[in-house]
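Ready to find your way around a new fold? Grab a pencil, take a look at what comes next, and try each exercise before you read its solution.

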Amino acid sequence: MTRNKDSNMYLNFHSKVLCMKEIVMKKADDWRKVYELYSRLSNEDLYLRFFHYYRPSEEEVRKLVTEQEDHITIIAEDEEGKVIAEGTIYDDGEFSLVVDPNFRMRGIGTAMVEKLIELGKEMGLKKIRFYTLPENIPMIKIGKKLGFKLTFTSDEVYGEKPLILERVTSYVSS
Ligand SMILES: CC(C)(COP(=O)(O)OP(=O)(O)OC[C@H]1O[C@@H](n2cnc3c(N)ncnc32)[C@H](O)[C@@H]1OP(=O)(O)O)[C@@H](O)C(=O)NCCC(=O)NCCS
């Protein structure tokens, strides 16, 4: 997941933010940091994250992050422990994510989707998928770059990627 970019500054920063972790309620206040991230987002960003106009309440964010029966949530933190990106993948393979507007165009969205792909494999999913709007250039770029098959209609873009599951092959050598 480590990628080389032009400047050392970017490399140092990038290696920090790649310390993403799954949220499994290890720290009681993790959901609050995700709520704070959502609070910094515009209505448009939240629309893109949830695919409808929606500003989740504290209780809804707490549930999303702490009750992980049918989904897994990952976050990226900055050096101070502030949550700067959140991504969630469901057991039907659909995922969505959001990056703090102040931290975009630094590869975090790409790294988050790479991590969601890994998680999808670990979950045993045959494919993972996302929906977005045709004007969401960064998400379309990420989908193309990471090998999603994209289907465009006038009002949405559907991205789907088959996941090749590793198989244990046994054979008898003669
Ligand atoms: C989509 C989103 C997660 C991308 O996050 P990000 O951290 O900026 O993504 P990256 O830095 O990895 O950028 C991915 C690519 O898009 C490009 N890009 C980023 N923002 C761009 C913009 N505003 N215009 C054009 N290109 C852009 C990057 O340069 C990069 O291109 P490359 O692969 O050729 O290098 C972020 O814009 C976001 O949170 N949007 C709102 C929520 C959303 O749309 N979620 C997706 C739901 S499926």
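**Exercise 1.** Work out whether strand E4 is largely enclosed or not.

*Solution.* Keep in mind that this is a predicted model. Start by finding E4 at residues 95-99. Next, check each of its residues against the cut-off: a residue is buried if 20 or more other C-beta atoms lie within 10 Å of its own. Four of the five pass, so the rest of the structure largely encloses E4.

**Exercise 2.** Find out how E3 and E4 pair, and in which sense.

*Solution.* First, pick out E3 at residues 83-90. Then look at how E3 lines up with E4: the two strands are antiparallel, with five bridges between them. For one spot along the pair, go to Ala85, which sits opposite Val99 of E4. Finally, follow the chain through the turn: four residues lie between the strands of this hairpin, and Gly93 there has a positive phi near 95°.

**Exercise 3.** Step back and describe the whole protein chain by its elements.

*Solution.* Count the pieces and you get six helices and seven strands. Now read them off in order from the N terminus: α-β-α-α-α-β-β-β-α-β-α-β-β. As for burial, 27% of the 174 residues count as buried. To see how far apart in sequence the partners are, take contacts between residues at least 6 apart: 60% of these join residues at least 24 apart.

**Exercise 4.** Locate the largest nonpolar core and say which members touch the most others.

*Solution.* Begin with a rule of thumb: in soluble globular proteins, nonpolar side chains tend to be buried together. In this model, the largest nonpolar core has 28 residues, and those touching the most other members are Val34, Ile84, Ala85, Ile108, Met112 and Leu116. Then ask which elements feed it: H2 (30-39), H4 (58-66), E2 (71-77), E3, E4, H5, E5 and H6 each supply at least two residues. Zoom in on Leu116 to finish. Leaving out residues up to four places away in sequence, Leu116 touches Ile74, Gly87, Ile89, Phe95 and Ile128.

**Exercise 5.** Sort the residues of H6 into a buried side and the face turned away from it.

*Solution.* The buried ones to mark are Met139, Ile142 and Gly143. Look down the helix axis: the buried residues of H6 fall within an arc of 100°, so they line one face. Turn to the face pointing away from that side and you meet the exposed Ile137, Lys141, Lys144 and Lys145. What do the buried residues pack against? Their partners are H5, E5, E6 (149-152) and E7 (157-162). Just past the helix comes Gly147, with a positive phi near 85°.

**Exercise 6.** Trace the strands that pair with E7.

*Solution.* Take E5 to begin with: E5 and E7 run antiparallel, joined by six bridges. Lys127 faces Pro162 of E7. Now try E6, which is also antiparallel to E7, through four bridges. Here Leu150 has Gly159 as its bridge partner. A hairpin of four residues connects E6 to E7.

**Exercise 7.** Describe the shell around the ligand.

*Solution.* Count its members: 23 residues, with Leu48, Arg104, Gly109, Thr110 and Pro138 the closest. Two or more residues each come from H3 (43-50), E4, H5 (108-122), E5 (127-132) and H6 (137-145). H6 gives the largest share, six residues. Last, sort by class: 11 are nonpolar, six polar and six charged.

Notes. Residues are numbered from 1 along each chain as its sequence is written. This is a predicted model: local features need pLDDT of at least 70, side-chain atom pairs count only at pLDDT 80 or more; totals for chains, interfaces and linings use all residues. A residue is buried if 20 or more other C-beta atoms lie within 10 Å of its own, exposed if 12 or fewer, and partly exposed in between; C-beta atoms are placed from the backbone. Two strands pair if DSSP finds at least two bridges between them. A residue is near a molecule or strand if its C-beta atom, placed from the backbone, lies within 6 Å of it. Ala, Val, Leu, Ile, Met, Phe, Trp, Tyr, Cys and Pro count as nonpolar, Asp, Glu, Lys and Arg as charged, and the others, Gly among them, as polar. A nonpolar core is a set of buried Ala, Val, Leu, Ile, Met, Phe, Trp, Tyr and Cys residues joined through C-beta atoms within 7 Å. Two residues are in contact if their C-beta atoms, placed from the backbone, lie within 7 Å. The arc is that of the directions from the helix axis to the C-beta atoms.
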